[in-house]
Protein chains: 2
Amino acid sequence: MTSVKAVPVLTAPVEDYLKIIFELETRAGVAGTNEIAAKLGVAAPSVSGMIRRLAEHGLIAHERYRGVRLTRTGRRAALRTIRRHRVIEAYLTTALGYPWDRVHAEAERLEHAASDELIDRMAAAIGEPATDPHGAPIPTRDGTLVDPPLVPLASVDVGARVCIERVGDRDPEQLRYLAELGITPGRQVEVLSRAPYEGPIELKVGRAVRSIGPALASQILVGAPRAAR
Amino acid sequence: MTSVKAVPVLTAPVEDYLKIIFELETRAGVAGTNEIAAKLGVAAPSVSGMIRRLAEHGLIAHERYRGVRLTRTGRRAALRTIRRHRVIEAYLTTALGYPWDRVHAEAERLEHAASDELIDRMAAAIGEPATDPHGAPIPTRDGTLVDPPLVPLASVDVGARVCIERVGDRDPEQLRYLAELGITPGRQVEVLSRAPYEGPIELKVGRAVRSIGPALASQILVGAPRAAR
DNA sequence: TCGATAATTTAGTCTAAGCTAATTTTCTGT
DNA sequence: ACAGAAAATTAGCTTAGACTAAATTATCGA
């Protein structure tokens, strides 16, 4: 019996830190103070202060000057917040017709206020989706996150046919632009060419040909083409 | 042109104080420190401190030792929060099947996090209701609140037929009990008898006869019977 | 391996919002 | 009209979370 001790009430800032630490730790194994500060838009000393408090509460393990990682309890709390965020994003687009470039900001606030019951009702109301509108997987109620390995569009071989799986959700303008280009999760694209020296990438999207820069292309994660829809 | 200067970002506690002050002021013309403290469940000196801050920000007018009332700006902010709260309550019951005894607590948290756009989308999705599930009127987008004069069931004459218009929304247990008795907004009831000395009141609800105490009866607001439904 | 730079932490402040204990003002009943 | 009760405020602390400036530790390049 895995002792599922309920995480007590966490403040909104604490939930934000845990979420960010989870993401950074997933990418790099450890989350650095400056990285956290940059992602949250706060000063580094503020992060040091929060790190101390989070460690005191057993949510993270901290090695001085060497970064932090989540404890089991911290990871559970992080996944709970991430689930809330993504369920809210999915619900807002599916049930309330929210445009996909604005759901992130709304979810960022609501995720700290919604009860588990509300999140579960929202998820049920829209058919328990597996991902949010940007393609990010939604952790399950019991804290499982299935995150299949994806590859940035920027590093796909020329000639390959791939499926857009996930795009960055933070920048509304970028999301509007991607929607304009038809680059949305689930879409099949073919890489037609890639200019050298970080040059633009040409894609076939449907019958249109689009060209995007490498910065944008690195924000787009793709996987193997899906079976005929 | 009525200068509609947008209320800047208010914290959740500030919104809570303004809401309570609005309600107390509506009932009594002025809101006292102790009343506010009691409604919010905080100590009186905490209220004094907040009163100072609210007055500094021009949200209330304060006469020392004499109570507080909202300024025009404060009233607008209060009505905005009340609209959010009630729209959320209505949405949760209508769109997500939330039981009416639990929407208050959920709305209490969400009202501070939801954007105006979300509130308007929710209201539109459920057909712009005029009241929340407990019968409280929903202020309009532009801050108008139509609050028809109602009378507590406790002070209705024996023999009168009245329409239940509104019930207290804070106590879940009380709400479940009222639902059991069939006492819900829109329901017609007849006062059969009232025992003297704050005694129980007998009601005809549908074809059932119910007896309720005066404490409960004073939480139930009624109006003239509606035209045949 | 040593010194510069980058990363991190410490020290010290600030604000919001809460608390208790003590004080002040207002009200009320005789 | 005044004494005691009730209401409100002040004084003084506490905590979370942010900040800047200064100090410390790591790391990387020559």
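**Figure 1. Four helices from two chains line the surface near DNA strand C.** In this predicted model, both protein chains contribute to that surface. From chain A come α2 (33-40) and α3 (44-56), and from chain B come α1 (12-28) and α3 (44-56); each of these helices supplies at least two residues of the surface near DNA strand C. The greatest contribution is that of α3(B), with five residues. In total, 21 residues lie around DNA strand C. Those that come nearest are A:G32, A:N34, A:P45, B:T11 and B:S46. Sorted by class, the surface near DNA strand C holds eleven nonpolar, eight polar and two charged residues.

**Figure 2. Helices from both chains also line the surface near DNA strand D.** Here chain A offers α1 (12-28) and α3, while chain B offers α2 (33-40) and α3. Each of the four supplies at least two residues of this surface. Which helix gives the largest share of the surface near DNA strand D? It is α3(A), with five residues. Around DNA strand D there are 21 residues, and A:T11, A:P45, B:G32, B:N34 and B:P45 come nearest. The classes of the surface near DNA strand D are eleven nonpolar, eight polar and two charged.

**Figure 3. Chain B meets chain A.** How many residues of chain B are in contact with chain A? There are 13, and they touch twelve residues of chain A. On the chain B side, the elements that give two or more residues are α5 (103-110) and α6 (116-125). Helix α6(B) gives the most, with four residues. Seven residues on this side of chain B are nonpolar, three are polar and three are charged.

**Figure 4. The two copies are related by a rotation.** Turn chain B by 180°, with 0.0 Å of shift along the axis, and it superposes on chain A with an RMSD of 0.1 Å. The two copies are therefore related as by a two-fold rotation axis. The contact surfaces can be compared too. Of the interface residues of chain B, 92% are also interface residues in chain A, so the copies meet through the same surface.

**Figure 5. Chain A as a whole.** Chain A has eight helices and eight strands. Its radius of gyration is 19 Å, close to the 17 Å that the globule rule gives for 229 residues, so chain A is as compact as a globular protein of that length. Along the principal axes, the C-alpha atoms of chain A fill a box of roughly 55 × 45 × 35 Å. What share of the 229 residues of chain A counts as buried? The share is 35%. Now take the contacts in chain A between residues at least 6 apart in sequence: 58% of them join residues at least 24 apart.

**Figure 6. Chain A holds an open sheet of six strands.** The strand order is β3-β8-β4-β5-β6-β7, and the pairing is antiparallel. The edge strands of this sheet are β3 and β7 (208-212) of chain A, and each pairs on one side only. Strands of a sheet pair through backbone hydrogen bonds.

**Figure 7. Strand β8 of chain A pairs with β3 and β4.** Strand β3(A) (residues 151-152) is joined to β8(A) (residues 220-223) by two bridges, and the two run antiparallel. Which residue of β8(A) is the bridge partner of A:V151? It is A:V222. Strand β4(A) (residues 161-167) also pairs with β8(A) in the antiparallel sense, over four bridges. There, A:C163 has A:G223 as its bridge partner in β8(A).

**Figure 8. Strands β5 and β6 of chain A run antiparallel.** Five bridges link β5(A) (residues 188-194) to β6(A) (residues 201-205). In this pair, A:R194 stands opposite A:I201 of β6(A). In a regular strand, side chains alternate between the two faces of the sheet.

**Figure 9. Chain B has an open sheet of six strands.** Its order is β3-β8-β4-β5-β6-β7, with antiparallel pairing. Which strands form the edges of the chain B sheet? They are β3 (151-152) and β7 (208-212) of chain B, each pairing on one side only. Edge strand β7(B) is joined to β6(B) (residues 201-205) by five bridges, and the two strands run antiparallel. Within this pair, B:V205 stands opposite B:A208 of β7(B).

Conventions:
Residues numbered from 1 in each chain as written. Chains lettered and ligands numbered in written order. Predicted model: local features only at pLDDT ≥ 70, side-chain atom pairs only at ≥ 80, totals over all residues. Contact = placed C-beta atoms within 7 Å. Nonpolar A, V, L, I, M, F, W, Y, C, P; charged D, E, K, R; others polar. Pairing = 2+ DSSP bridges. Near = placed C-beta within 6 Å. Rg over C-alpha atoms; globule rule 2.2 N^0.38 Å. Buried ≥ 20, exposed ≤ 12 C-beta atoms within 10 Å, placed from the backbone. Least-squares fit on C-alpha atoms with pLDDT ≥ 70 in both.
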